[in-house]
Amino acid sequence: MTTTVFMGGTILGGYRPDAETSDALAVRDGRVVAVGAEALALDGPGVETVDLAGGVLAPAFGDGHAHPLQAGLEKLGPQVRSCASVEEIVACVADWAQAHPEQEWIYGGSYDATLAPDGMFDARWLDAVVPDRPVVLRAWDYHTVWVNSEALRRAGIDASTPEPALGRIPRRPDGSPLGILQEPGAVDLLLAAEPGRTHEERVEALRLATAAYAELGVAWVQDAWVEPAEVEAYLEASRRGLLSTRVNLALRADPLTWREQVEGFVESRRRVDELGDPLLTAGTVKVFVDGVVENHTAAMLDDYVDTPGDRGLPNWAADELAAAAVAFDGLGFQLHLHAIGDSAARTALDVFETVERTNGPRDRRPVIAHVQVVDPADLPRFGRLGVIANFEPLWAQLDPMMLALTIPRLGPDRERLQYPIRTLHGSARISFGSDWPVSSADWRPGVATAVTRQTEQRVPEAGWTPAERITLTDALEAYSSGVAVQAFADATRTGIRPGAETDLVWLDGDPRTVDPHDLRSVRVLGTWVAGIRRGLPAPTPVRS
């Protein structure tokens with residue numbers, strides 16, 4: 001069994017200002033065996049050394065809410081995320097379709113929803129370049145797809161298609177579908193016709209995505225939306241040794257069929273546990289309580305200011321959601337609830353109260369993800385109920401989505417309530433995530449935004465909603481120890497001490513000491529997950 005000794009730099013026990021430091025660390029089989037002089041004294045066969053070259057070795061980062069499978073799949077289709085206009089997207093799809101005549105269905109993501117007025121994209125724009133094969137493009141919020149007319153035709157979606165209960169089909173004046181489908185109730189209408197991604201494509205996507213995470217210094221990821229077929233891809237990726245990070249699967253509960261899902265969720269968890277892979281768990285159930293503000297589908301306590309009478313689209317009846325939550329919690333699953341609107345946040349908190357009252361106290365660590373708008377009266381309930389507020393901090397800025405779609409729907413009063421990171425940091429547990437591929441998987445811009453509430457161009461000068469800014473060290477902790485708490489790993493993977501299990505990131509400098517906007521200058525040089533260097537080519541060891 002090989003022992004790795006890290007030396008020649010600074011060993012950080014965490015990201016707090018008072019974190020313990022050392023000049024050497026010895027790790028064997030993913031656990032710390034010695035620190036400082038005792039680590040430096042290790043010698044002999046089976047000992048390898050890594051020279052940190054003056055850099056910093058610290059606890060690895062985590063991502064408390066992401067979609068690595070979808071992110072990996074994006075790499076296999078038209079690369080439309082960087083397109084700056086509808087014309088660029090259409091040209092990108094045309095080029096990809098020409099280069100891949102064998103692909104019967106063309107899948108891509110994630111396009112910028114602000115490139116068309118009100119986010120309304122027309123199927124005919126895609127028809128102009130691909131009229132004879134279905135095209136399905138995900139918006140960058142992943143709550144909307146833009147399709148061409150052939151995709152609509154094959155799915156049987158036309159003027160006579162009724163509005164789905166849990167989705168929306170924007171239409172032209174004559175009643176025909178415009179070309180976008182919003183929320184699962186509408187998007188799922190494609191399922192009867194589309195073949196979907198192949199098993200091998202999914203496995204390859206997981207290899208690509210987890211390697212990308214490891215290259216960023218991220219060692220644990222919450223996959224926050226896993227369907228049954230995707231469990232098979234994870235199992236296969238695990239068996240082949242293709243995972244580069246730890247991933248916990250959150251199995252998506254369907255509001256219409258959750259009772260039929262219970263047995264399958266328990267079986268999926270059993271199969272994952274049976275593998276015994278330290279990189280893969282399946283301990284969570286995901287619920288979409290509502291949609292997103294940009295689609296008018298986030299559930300709000302009051303009307304959207306631009307559409308009087310509209311308060312969004314709750315995905316669940318409150319009593320049905322409570323019943324599902326009680327059932328899954330009773331089986332030992334962690335609950336992870338997507339809640340964007342203030343009504344959805346209140347519903348989620350009500351549900352967690354019901355769960356604790358019904359099932360009794362235990363260390364359940366329920367999660368509300370995104371926490372975009374919360375009524376001030378509900379903020380103290382997070383701490384009282386032990387709820388983890390999982391924020392995607394990169395969203396807390398005046399970017400084009402916020403300016404063009406979000407604020408015009410919420411209005412100025414609710415604008416100021418968005419992403420109460422500092423408020424909840426002071427009274428409850430918080431963790432950070434990326435929601436990749438919705439936004440960047442890189443923790444560095446997310447940390448910068450949490451600290452400054454500014455865009456990359458440092459706008460506005462004083463920060464947007466500046467009262468909700470947090471310190472640099474608090475933001476780094478939210479992306480590391482905060483996620484470890486969410487992962488039930490705070491007792492094992494949040495310190496660098498003898499006997500502790502540890503995932504490590506090697507940085508070329510101390511991220512606590514730079515201007516937040518300059519965090520991208522701090523390079524990730526290596527990541528060790530479960531004792532093995534992942535994602536980047538292994539350094540040539542120096543043998544004693």
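The following exercises, each with a worked solution, concern a predicted model.

**Exercise 1. The eight-stranded sheet**

Work out which strands lie at the edges of the open sheet of eight strands, and which helices lie against its strands.

Solution. Begin with the order of the strands, which is β6-β11-β12-β13-β14-β15-β16-β17, with parallel pairing. In general, strands of a sheet pair through backbone hydrogen bonds, either parallel or antiparallel. The edge strands are β6 and β17, each of which pairs on one side only. Neighbouring strands of this sheet are turned against each other by 25 degrees on average, with direction ignored.

Next, take one pair in detail: strand β16 (residues 388–391) is joined to β17 in the parallel sense over four bridges, and within this pair Ala389 stands opposite Ile430 of β17.

Finally, turn to the helices. Helix α8 (residues 228–239) packs on the sheet, where it touches β11, β12 (246–252) and β13 (280–288), and its direction makes about 155 degrees with that of β11. Helix α11 (residues 342–359) lies across β14 (334–339) and β15 (367–370), and it runs at about 160 degrees to β14.

**Exercise 2. The four-stranded sheet**

Describe the open sheet formed by β7, β8, β9 and β10, and state in which sense β9 and β10 run.

Solution. The four strands follow the order β7-β8-β9-β10, and their pairing is mixed. At the edges are β7 (106–111) and β10 (180–182), each pairing on one side only. On average, and ignoring direction, neighbouring strands of this sheet are turned by 25 degrees against each other. Looking at one pair, strand β9 (residues 144–147) and β10 run antiparallel and are joined by three bridges; Trp146 stands opposite Ile180 in β10.

**Exercise 3. Two packed helices**

Decide whether α9 and α10 are roughly parallel or roughly antiparallel, and find which residues make their contact.

Solution. As a starting point, two packed helices are described by the angle between their axes and the distance between the axes. The axes of helix α9 (residues 258–275) and helix α10 (residues 318–330) come within 11 Å and cross at roughly 15 degrees. Because angles under 35 degrees count as roughly parallel, α9 is roughly parallel to α10. The crossing of α9 and α10 is right-handed.

The contact is made, on the side of α9, by Trp258, Arg259, Val262 and Phe265, and, on the side of α10, by Glu320, Ala323, Ala324, Ala327 and Phe328. When these residues are sorted by character, seven are nonpolar, none is polar and two are charged.

**Exercise 4. A helix and a chain end**

Determine whether the residues of α15 are buried or exposed, and then do likewise for Met1.

Solution. For helix α15 (residues 443–452), 10 of the 10 residues are buried, so α15 is largely enclosed by the rest of the structure. Among the buried residues are Trp443, Arg444 and Pro445. What covers the buried residues of α15 includes the strands β6 (61–66), β11 (218–226), β17 (429–432), β18 (504–507) and β19 (524–529), together with helix α16 (472–478). After α15 comes Arg453, whose phi is positive, near 50 degrees.

Met1, which is placed in the segment before β1 (3–12), has a relative accessible area of 74% and is therefore exposed. Leaving aside its neighbours within four places in sequence, Met1 is in contact with Arg28, Asp29 and Gly46. As for Trp140, this residue is 139 residues from Met1 in sequence and 45 Å from Met1 in space, C-alpha to C-alpha.

Terms used. Residues numbered from 1 in each chain as written. Predicted model: local features only at pLDDT ≥ 70, side-chain atom pairs only at ≥ 80, totals over all residues. Heavy atoms only, no water. Axes fitted to C-alpha atoms, helices over the stretch in contact; angles between N-to-C directions. Parallel < 35°, antiparallel > 145°, perpendicular 65-115°, else oblique. Left-handed = near helix turned anticlockwise from the far one by under 90°. Contact = heavy atoms within 4.5 Å. Nonpolar A, V, L, I, M, F, W, Y, C, P; charged D, E, K, R; others polar. Pairing = 2+ DSSP bridges. Buried < 20%, exposed > 50% of the residue type's maximum accessible area, 1.4 Å probe, protein only.
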